[in-house]
Amino acid sequence: MALVRTAEQAGLVDITTLSPNIQLDMRYAGSNNFTGRSVPGYEAPKCLLLAPAASALAQVEADLRSEGLGLKLFDCYRPAQSVQAFVDWANDPTELSRKAIQYPGIDKPQLLGGYIAETSGHSRGATVDLGLVDCRSGTCTDVDMGTDFDYFGPEAHTDTAQITPDQYNNRQRLVRAMQAQGFKNYPLEWWHYTLDPEPDPKTAYDVPVR
């Protein structure tokens with residue numbers, strides 16, 4: 001894969017320029033993530049995407065807002081250097097600060113492959129991690145999706161039977177909203193969606209999020 005080094009080359013769009021009220025909880029720009037620290041490459045809590053993905057995601061948000069719901073974004077474009085930082089973390093047996101919270105049933109080395117890949121679709125600028133919020137009261141609050149973002153285990157599989165009917169229905173509501181605008185879910189992670197077809201499937205970007 002070619003590595004693109006500048007935002008101009010990448011053509012990345014800040015989602016808030018298209019959807020100003022979309023909720024952001026960009027986990028890797030801070031310490032509330034499975035590594036327990038801010039991740040190299042994330043210099044600002046922004047959601048950047050290639051223009052077609054950003055436009056489609058803004059339409060999902062608009063569709064949901066018409067029903068009193070909305071999106072909360074956890075991760076969007078991910079620099080290639082950040083992906084490498086995840087791999088380095090996974091190969092460090094001493095850093096276990098979030099194990100009890102985010103991967104209690106999995107030994108850390110087993111995260112490589114199914115959960116932490118050496119290359120990530122996020123680096124191609126058309127993959128997003130997100131959940132639902134309920135905005136009907138005027139204040140948007142998290143919808144119960146059954147697990148937190150980046151919970152590594154079978155409970156996070158989109159179609160798992162290990163959650164309540166309400167939690168399952170909430171996941172399916174998100175699936176329907178995202179599918180309506182061309183996003184495809186990754187079945188091991190209820191929060192993970194990629195625009196299909198991808199705008200630039202052969203290019204990984206490495207410009208920092210700033």
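Is aspartate 150 buried or exposed, and what is its relative accessible area?

## Aspartate 150

In this predicted model, aspartate 150 is buried, because its relative accessible area is 4%, which falls under the 20% limit used for that class. The residue is found in the loop between β7 (141–142) and α5, and its backbone has a positive phi of about 60° although aspartate 150 is not a glycine.

## Overall fold and dimensions

The secondary structure of the chain comes to five helices and 10 strands. With 210 residues, a compact globule would be expected to have a radius of gyration near 17 Å, and the chain, at 16 Å, agrees with that expectation. Along its principal axes, the C-alpha trace spans about 45 × 40 × 30 Å.

Buried residues make up 52% of the 210 residues in the chain. Among contacts with a separation of 6 or more, 75% are accounted for by residues 24 or more positions apart.

## Surface and charge

The accessible surface of the chain comes to about 9,500 Å², and carbon and sulfur atoms contribute 50% of that area. The chain carries 18 positive and 27 negative side chains, with the centres of the two sets lying 1 Å apart.

## The largest nonpolar core

The largest nonpolar core contains 57 residues, of which Leu57, Leu71 and Leu73 touch the most other members. The elements that each give two or more residues to this core are β4 (48–50), α2 (51–65), β5 (69–75), α3 (80–90), β6 (127–134), α5 (165–179) and β9 (192–195). The greatest contribution comes from α2, which gives seven residues.

Leucine 73 illustrates how these contacts are distributed along the sequence: when residues up to four places away are not counted, leucine 73 touches Ile15, Ile22, Gln23, Leu24, Asp25, Met26, Cys47, Leu57, Asp129 and Leu130. Leu57, itself among the core members that touch the most others, is thus one of the partners of leucine 73.

## The β9–β10 region

A cis peptide bond joins aspartate 196 and proline 197, with omega at about 0°. Proline 197 lies in the loop between β9 and β10.

Threonine 203 is found in strand β10 (residues 203–205). This threonine counts as buried because its relative accessibility is 13%, again under the 20% limit. Threonine 203 and serine 123 are 80 residues apart in sequence, while their C-alpha atoms are 7.9 Å apart in space.

How values were computed: Residues numbered from 1 in each chain as written. Predicted model: local features only at pLDDT ≥ 70, side-chain atom pairs only at ≥ 80, totals over all residues. Heavy atoms only, no water. Core = buried A, V, L, I, M, F, W, Y, C linked by side-chain atoms within 4.5 Å. Buried < 20%, exposed > 50% of the residue type's maximum accessible area, 1.4 Å probe, protein only. Helix = DSSP H or I, 4+ residues; strand = E, 2+ residues; numbered from the N terminus. Contact = heavy atoms within 4.5 Å. Rg over C-alpha atoms; globule rule 2.2 N^0.38 Å. Areas by Shrake-Rupley, 256 points an atom, 1.4 Å probe, with all protein chains shown as cover. Lys, Arg positive; Asp, Glu negative; His and termini not counted. Charge placed at Lys NZ, Arg CZ, Asp CG, Glu CD.
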